[in-house]
Every structure is written in C-alpha cells, then in structure tokens.
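Okay, thanks everyone. Let me put this one up on the screen, and then I'll walk you through the bits I found worth a look.

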Amino acid sequence: MARSTLRRFRQDRLPSPLIRVALWGAAAAVALAVAGCGEQSPLKPESDPARDIAKLTWWMFGIAGVVFGGAVVMLLIGWLTRREEGLPFIGKRSNVETGAVVVFGIVIPVVVLIGVFAFANLVVLDDTDAPKASSTELTVEVTGNQWFWEVRYPGTKAVTANEIHIPVRTRVNLVGKTDDVIHSIWIPQLNRKIDTVPGHRNRILLYADKPGRYRGQCAEFCGLQHAHMSMYVFADPPERFRAWLRNMERPEAPPAGPSARGGKRIFMANQCASCHTIRGTAARGDIGPDLTHLRDRTTLAGLTIPNRGDYLLRWIRDPQHFKPGNKMPALGLSDAQIQKLVTYLEGLR
Amino acid sequence: MATMPAPLARQRTERLQRIWEEPKGLVGWLTTVDHKRIGLMFLFTSLAFFAAGGVEALLIRTQLIRPDNGLLSPGAFNEAMTMHGVTMIFLVVVPMSIGAFGNYLLPLMIGARDLAFPRMNALSFWIYVASGLFVYTGLAIGSAPDAGWFDYLPLGSKQYSPGPNVDFYTLGLIFNGISSTATAVNLIVTTFKLRAPGMSLNRMPLFCYAMLATSFALVFALPPLNTALIFLELDRALGFHFFDVTKGGDPLLWQHLFWIFGHPEVYIIILPAFGIATAIIPTFARRKMVAFPLVALAEILVAFIGFGVWAHHMFAVGLDTITTIYFAAASLIIVIPSGIQLFAWITTIVTGRPRFKTPLLWIVGFIVLFLLGGLSGVTFAAIPFDQQLTDTYYVVAHFHYVIFGAAVFPLLGGMFYWFPKVTGRMYHERAGQASFWLSFVGMNLTFFPMHIVGLLGMPRRQYTYPHGLGWDGYNLVETIGSYLLAAGLLMVVTNLAVSLFRGVPAGNDPFGGDTLEWSTTSPPPSYNFAVIPRVTSPYAMWDREDRQADQRDLAGPAERVLDEGHETPASSVLDADWDEILEMPAKSWSPILLAAALAAGFTMLLTRHYVIAAVVALLALVVLGGWHWKEPQEA
Amino acid sequence: MTGGDDLTRRTGRGHGPPTGGATRSTEATSGPAASYAARRRVSLPVGTWGVILLVATEAAFFGTLIASYLYLRLKVSQWPPAGVEPPDLTAPLILTGVLVATTLPILLAVRAARVGRVRPAWLLLLGAMLVQAAYLGVQIHLFGSDLDKFQPTDNAYGSVYFTMLFAHHVHVLVGILMIGWLLARLIGGLTNYRLVAVQVVAIYWYFVNAVAVAITLTQVSPSL
C-alpha cells in the first residue's frame, strides 16, 4: 500500500487550484532564496529518495506558512481591536473563546499532524530506509576516519578515498562504518544522512538519476577537522564505471623516470609509508588514505584543496596550513625532495 | 491603599521587619537565606554568564562571517561552540528561570514568606556559582570543554579527547546538577506546602504551575544525565568501558542516556518562560486567561510527554524503523499542549484590551518566535525530513528560535515587568520598546537565514566553510544580525541599569497586576507579607475584597500576621487547609561552606587525587551534620 | 514546654475549613509535645516531602543504572563475557534479605517515636544500624573478592556490575551515617524536628532497601 501511495505522490497529484496557489505563495520566498545554487542542497534532489523528501519538505513548509500566517493575522487583529473587549463581530463569549482554543489548539493540529505523520513516516520513510539486501546491484563500503572517507568495493580489490564512483541509475547498497569516532555520511542530493557508529554497520541506498558529480559532507561533529571532511559521488555511465573500477583494482603504476623513482624511494624511507598504503609496494600504513590511485582524485584532503597545479606540493610541504589539526605532520623534507615525491605521486593514476 | 497604617499595624510591621531583616554588608549576602536576595544573586550571576556566552557566540559568528576565515583556529572554535552551548543552557537559562525568577517570585505569588528550605536555597546558589567557575577555569587554562555540548562518544572519550577539557565538562555538569536539583525540590515542596491557607490548587497562578512542572521535570531528567556523566568520567579517569565498543560497550548508550535528559531539558528551559508569559498576558490584556484549566493542564502535560520523545535526536543513527516511528509519533503529540497554550495566549490578547507596553511586546515577540521554532520542530517529526536536515544549520535555526525566541524573550520581558517590583523604580518605556524591536530584528536576521543555509546543505559545528556552495551571503547576514542582537541586548541592560538609579519611583502596582507580589511594597519588605493573604481565585490581586480584608487584619485580629517568630504557615497540598506554623531558619554560614567543600571535592576528582577527594567528602558530611544540628526553635 | 496543653494555648487560629487551630509544631521540644504535633498534622511535613523528592531523583538514577545494565546485556550474546563466571546466587540474595529485614525495626522505631516513646525507638534504630553495618562489611568483602576475579576495566560487564554495586553500597553507608546522627541527637530527647527526622531517615531506608532488591536481582540475573 505504501508503494502505490508513493507512486501516486510522484505523479504529482496536487490539490485544488486555490490551495495550490496558497502553498506556492507560502513557499515562494524560500524557494526564491534557495533556487539557483547549492550542489549540496537537499532541495535539489537527483534521486527518488531525495525527491520524495524534497516534496514532503515543500508540503510541510506550505502548511507551516499557512499556520504561521494565520497566527500573525490573529495577533494583528488583537492590535487593531485593542480598545474593544471580546472577539470581533462576536463580542465577549467565553465558551466561544474556549472553543477556539480547543479547535485551533487541539482539533486542527491533531488532524494536520496525523496527515503529516502518515505521509512522512509511513509512506516516504519506506523509500529512505535501508534497502533490502536483494534489491541492490552493488555494494560500496565507506569508512569514516578522522578526517577522510575510505571507500571500498567489497568483492573487488578497489580502494580509494573521499570520491565514490557509482554507475548511474543503479541501486547501490552503501554501508557506513567507522573505527574511530561517530561520523555521518551525507550526500543531500541523493539521500538522507546516515551516521557511522563504531560497532555498527549502517546502510542506505545510493542512487543517482543522472550522470554527474554530487557533493557530500560529514554531518556529525567529529573533532578538529570536521569542517574539511567532504566527499564526492560521481555517477558514471555503466561502461565508464566498470573501467574506473577495474583501474582502481590495479596496484601501483610503477614510477617512470628517475625523478619519480627517487620520489618513491623518499616515500618509502620517510614516515609516508607508515601512514599510507600504496598497493603493490611496501607501504602498508592505515592511518591516512590509500594513495594507490591518488592522481585519479579531483581533490586532496577531503575536498579541501584541488588536486592540480602545485597544491600537492604545498600540501606536503605544510599539511597543517590547509587543514590544521589533521594527522599529517610536516615531514621536514627539502623542496627538492618534495618535488621528487610529487612527481612520483602524480604518476599514481 | 494609601491610608496611614493604624498604630497596631505599624507596630506589627516593625516587629516583622526586626524579625526578618538580614544584616547588610558582605557578611549579610554571604550568609543570606532570603529568597529575594538569593534570587537577585542568581539573576546577576546568570547575566554575567549570559555575557560570556554571548561573547562566545559573537566569536563564532565573526569567524563564520566569510568562508575560510582565520579568526579562530579549529580548536578554539570547538571550545567556543561547546562553551556557548554549555554556558547558555546550564549557566544562564535554567538558573535564571528557576533560580532568579522562580526563587524571587514563587513565595510572593503564593503568599509565603520564603521557600520551604531557605538554607538549601542558598546552597543552590553557591553551588551554581562554584560550578560555573569550575567550568570556566577550564577555559582560563586553555582547556575548555570542546567536544560539543552533548559530547558524543567516542569523540569525548580519553582516546580522542586526551586533555582535561572533557573532564571539566563531566565534573562541572555533575556539580551544577546538584544546584538545579536542589532548587527544583525546594520549589516543589514550597508550592505543595507553603501556599497561603485558602489557596487551593485551582486558585494557584499559572506561573506557579509552570514552575511546578519545570521542577518535576528536573527531578526526573537530571539523574539520567548524572548516570551518563559518571559513566563517562569512569571511562576517562579509571579506564572503564561503558562506551567502548571493543569491550562490550556502546557509544549509543551515551546518546540514549544524554537525550533522556536532554529532551526534557529543553522543556525545562521553556516552561518557566510559558509561566512568565501567563503572568504578563492577563495583566496587559486586562482580562483573565482564556481556558485557564486547559493551560494549566497543558503546562504539566508538556513536562510529562517530554520524557517520551528523546530518540528523535537520534533518527540518523541507525535505529530500527519501529523505534523511530514510535518516537516520531510521540514527538507530534507534544505539539498539542503547546498549541493549546499558544492559542489560549493569542485569544486572551485578541479578546482583551491589550496595552502594548514593553513587557507585552516581548511576549508578543515570543509568541511569533515560538510559533516559528515550534513549526520547524514539527517538521523534524517527519523522519525522512529529519534525516536530511538534522545536524545542519536548519536545526541550529530551530533550537535558537525556541531557546532564544521562546525562552529568553520572556525572560527579558519578565525583567522589564518585575523591574519596578524588585527595585521600586520604573524602567524607561520608549527605550524598552526600542530595545525590543532591535533585538527582534537582530534575532530574526541572525537565525532565520540559518533555515535557508541548512536547506542549502551547510552542516553545523564547522569552524569554516568553502566558498561556492551558496552559503556566503547568508552567513554574512547572520553575523550582522548577531551584532544587532547584541546591541539590542546591551540596550536592555543599559536601560535597566540606568533606571536602577534614575528611574521614576514606581509604587506597588504600576501595571495593575493580577498576582500577589503586586500587593507588597516595591521592593517587598524582608517578610514579604505583613498579613498572610486570603485567596479566593488565581487572580488574587484583582479580588479587591480579599485585599481589603487583609488590611483590616493587619490592624485587627492577629491570626494571619504570624509575628511571634520567623514564621510562615504550612498548609495541605490540595486544598491548602492550614496545617501548622513553621519556624524558618535565619542566616547561616553552612550553605557557602558546604558549597566550598564540594568545590574542593570536585577539583580533587578533576586532578585525580581520589584519596583527598574522599577526605573532602567526609568533611562535607561533617558540615552537613552541623547544618542540621541546630534546630529551628533554638535559633 | 511539657505537654500538648501548652502547645494549644500558643496556636494561631486556623483559616479555612475543618482543621481549626494550627500548631506551632517547632515549639514541641518534648516527647509528648512532638507526638501531639505529629497527630495534629493533616498533611506530610515539609521534611518528608523533601526526602520523597530526593528518593525520586535517586530512584531515577538507579533506574538508569539498571536500564544501562540491561541495554548492554541485550547487545551481546554472551553475558557475562567469556572468562567471567556467572555471579553467585546465594550470598547476594541472603544478604539482601537481611537488609530488607531491617525495614521492620525502622518501621517500629517510627511508630514508637510518633507516640513519644524515645527509648524503644532509639534501641530499634541502633539494632537496625548494627545489622546494616554488618551487611555493609560483608558486602565490601564480597566486592573485594569479586575484584580479584574480574575488573571494571576488563569490559563493559565489569564496568556496569561494579558501578551499580558501588552506588548501592554508598547509599547504604550514607543511610548508616544518617541513623548514627539520629542516635546522637535522640540522646537529648525528642523534639518535633527530630521526630520528622526519624520519619525522613525511615523513608530513605525503605527506598534503599527497595533498591537493594532491584540491584541484587539485576546483579544475579545471569544466574537466574
């Protein structure tokens, strides 16, 4: 029953024209303010669950606008009739007054709230809950760490960080977990947020209608760099996704050229290897993100800086400048050494 | 009544004054047990903490005025936002509501001469001050609590918060909780037992119902918090594993325990404000409250239902569906008693002949802001919506509308309303109205855009944010709004401070109030009432015959004058039949000494000197024993 | 001040229906006077209300302790965890029975005090306190021997087990100290204040004994 209600809802059966006007009027100001920006906005949905929630939102705002407007009008009447006692036109009638309190304070709220409740929590909730295991085609496992997201594809050897790729229009089972503190995975255009809690495995549906890039962020305060723990979800056409995944499974692309080889030697000889993993090498650290395909990513440090130009060099020279409090120390390397390191890392496609 | 008191009447009032007056000077204040003095001490202390919390807020807003700002480091920001929350909730709003307003006004409104336990009242205050200083010592040494005001685990555990920051939080809040619990118990017993004989429960003012509901909520809400804090401190200090998933614990246990406290806490924050609104509205609307019994019942229901909704703070955590649906349903139910009160207030204003003076303006502002905050709260009962917008600025907007708009606005209105009673002088009306409008505009400018920026995806508790997500303009407006709000609040304080010295003398009852405090002089005498008042309705001050009968009693039969000692009547709980005459304690050093001992004990716990802490605890028990040694009749 | 007659002479006339005169109870400084004042009261005295509310907060506290125990228990399949023996049944249950039995002498002490008979009340309270002190001594010994077998720092079971028991024992200790204080004061005779104090301490003890049952049942629940 819930499913068919949902389907009807999605077919946009709106009520009578008068109510339509009122709802749009009430929500117009907010809509104007909100429209036109926000790649991290729940009000710009790009999937069914997010779309259902957005519609629910507008309906609730419409009702809230009517209630609020009504109360303000009543207060205005109170001011305009401040020299007379009693209600306008009706005069002093205490049972009407009590009746008004009962109707506006009990009866109408009960009716409206039952409606909102039934719709939100019995209908829409059905679609935003964790997907049934059998209903999804792919599983992505995201582990929250202070302060980056580790992304794995169970059943494959693929590991990356902060940038999740999924095939477009495919139901993906997103598993959220963590081994340190509570974080929260939130990609507003695609679905609600889900906390990652130590000792628990939480799941939501990840689904995108259209190819594109969707921005998300950690949504549970997790310490010093909570503000810089963002992520991207890339929805790719299936062929491109499969190619990407195959690439992610491969180990390190061996360094080409003396500078890159020198950079790899510096990487292994210094602290880098004790915190980072580069599959296919001796570097097996698990404190920082997996760097095997670093070049593939569009950003560094959880979307803090772009992965182009001299950002990587400046990051390695002074990680604390961009993300103070993060766990990567300044390594005390010379500029020449860092340049070699960068050459090596930029070859990790 | 401007008639000259007869000689017998004057004799009696002078005798009462001699019996009840307390020493002037510092010693008088340190040993006071007078609820009015204690109420004022609570007020000034909470205003000082309000300023501190306000500075923390301005720091936050200034840091967020533009993207990638560098005013505060992430660590400093985390301390500022945590301290802002802890200060405002535990050190400002609750103490101001129950410790200042409840303390000062409850005995006056019920016709009593003090609270039921005057020395415990003083203890509440000294513990409050000590606990506030305890937490702020953390700030002073650069280790303020920094894991958020609800300090989720494992972030707040020793492993991820190794410094003493979170220990200041846990021990400081346990310490502070003793104060609130003691005040709550005091207010309940006073309301039950010390009402003027004849003031049966249905003749009690609505303000007293609100304080009663608040106090019951505190009695049952603080213990879960204490359990959580004790567990946390044991984990941190002694290596226990309540919240440690690798050893059979669960971080969600903290969340459940915290929110079982935390949700009733927000009703504790707002109920006294409802009480203030129900005191101001009849006076300025010049009519009795519409649907009085419904409003009284609604106030109690809010406190009661508030205990059943806690997990609506945990909708994104991964609880099972049935559980989340139950909590959403319960959260919707609580809308009903709030709605009843809202429409009763509005209807009373509409059907009365309202005078929109400063106190009523703050209450009208409160109604508008409470409605907005309540509506955004209701949207959270739609679980999928909550799961999108929780932990964003939309939630920050919601709770500031209900805390600032619905709890602080009435407190400010109440400060104006009772200013003449407490000081004997009138505040400046035009400046008062201007300060309201400035604060109202500033408040909305600060917090309304937060709804929008949350809907644009901005999470909360970030020390900075990137350019390009559409958040910049709104944050700028919010910061400007916060400065306007600060200016409005400064205007309030300046008005009251200047009026304290230069205000026009106010007289006993400048507004035509409906409750008994307006029958005393301004300020009230140390003994509150020369004659324990006769009461036949909840609007005692509007019952002229009863007030005239009191005047005749003062010059005539002595039974309700009670001037043979430090006396006040005790009556039965429901019908207020006169039961006995109580001899009340007078000034005492025990409360401040006990508070000092407890402060030393908590400090020893903080520094892990457990043996010394145990010794101090024994010392505290000795002080407690000494406190009870001298009996009332030996005074 | 020797008897009820003196007390009534100094009452104020009451206001409001049936009760008539209201007593200045605080002036009752002898056994018979205190007893008279207690009989005249129609409503619980303020001290009693105070302890009822204190008991309410402590009940909520123990309630959350027990709820936390159950919450942690329901999260795992093995409880106690591997390596910890299930708790002994006999000693805790017998000890709790002994503690609960002290309710009787305390009840009788209150009854005696209410009719002004200080000496029997004093002896009953002393008897109760001695039994309670013995109980606490044995419990502390058992606590120590439990600590030899497993620690609160081992796992969540240990943490909640020992915290729960410690909280209960602290309440027992405070109760014993309160009776000690009463015994010291009652040597000087009975007054209204001390009579209310007896009632207050009694209510506190009824509560502690009830909590003892709840805590013990929780403590031994894995073995039931």
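Between them, chain A and chain B bury about 6600 Å² in this predicted model, and 72% of that is on carbon and sulfur atoms. If you wonder about that unit, the size of an interface is often given as the accessible area lost when the parts come together. The contact takes 82 residues from chain A and 82 residues from chain B. Which three residues of chain A supply more than any other three? Those are Leu75(A), Val101(A) and Phe221(A), with 11% of the area that chain A buries against chain B.

On the charged side, the count between these two chains is two salt bridges. Arg287(B) and Glu97(A) meet through their side chains in a salt bridge, 3.0 Å from N to O.

Right beside that arginine in the numbering, have a look at Arg286(B), in the loop between α8 and α9 of chain B. Arg286(B) isn't a glycine, yet its phi is positive, about 55°. Most residues other than glycine have a negative phi, and most peptide bonds are trans.

Speaking of peptide bonds, Gln146(A) and Trp147(A) are joined by a cis one, omega about 0°. Trp147(A) is in the loop between β1 and β2 of chain A. Over in chain C, Trp79(C) and Pro80(C) also share a cis bond, and Pro80(C) sits in the loop between α3 and α4.

Last up, helix packing inside chain B. The axes of α6 and α7 come within 8 Å and cross at roughly 155°; over 145 counts as roughly antiparallel, so that's what α6(B) and α7(B) are to each other. Their contact has 19 nonpolar, seven polar and three charged residues.

Terms used:
Residues are numbered from 1 along each chain as its sequence is written. Chains are lettered from A and ligands numbered from 1 in the order in which they are written. This is a predicted model: local features need pLDDT of at least 70, side-chain atom pairs count only at pLDDT 80 or more; totals for chains, interfaces and linings use all residues. Side-chain values use heavy atoms; hydrogens and water are left out. Axes are lines fitted to C-alpha atoms, for helices over the stretch in contact, and angles run from 0 to 180 degrees between N-to-C directions. Helices (H or I, at least four residues) and strands (E, at least two) are DSSP runs, numbered from the N terminus. Angles under 35 degrees count as roughly parallel, over 145 as roughly antiparallel, 65 to 115 as roughly perpendicular and the rest as oblique. Ala, Val, Leu, Ile, Met, Phe, Trp, Tyr, Cys and Pro count as nonpolar, Asp, Glu, Lys and Arg as charged, and the others, Gly among them, as polar. Contact means heavy atoms within 4.5 Å. Buried area is the accessible area (1.4 Å probe) that two parts lose on being put together, summed over both. A salt bridge is a side-chain nitrogen of Lys or Arg within 4 Å of a carboxyl oxygen of Asp or Glu.
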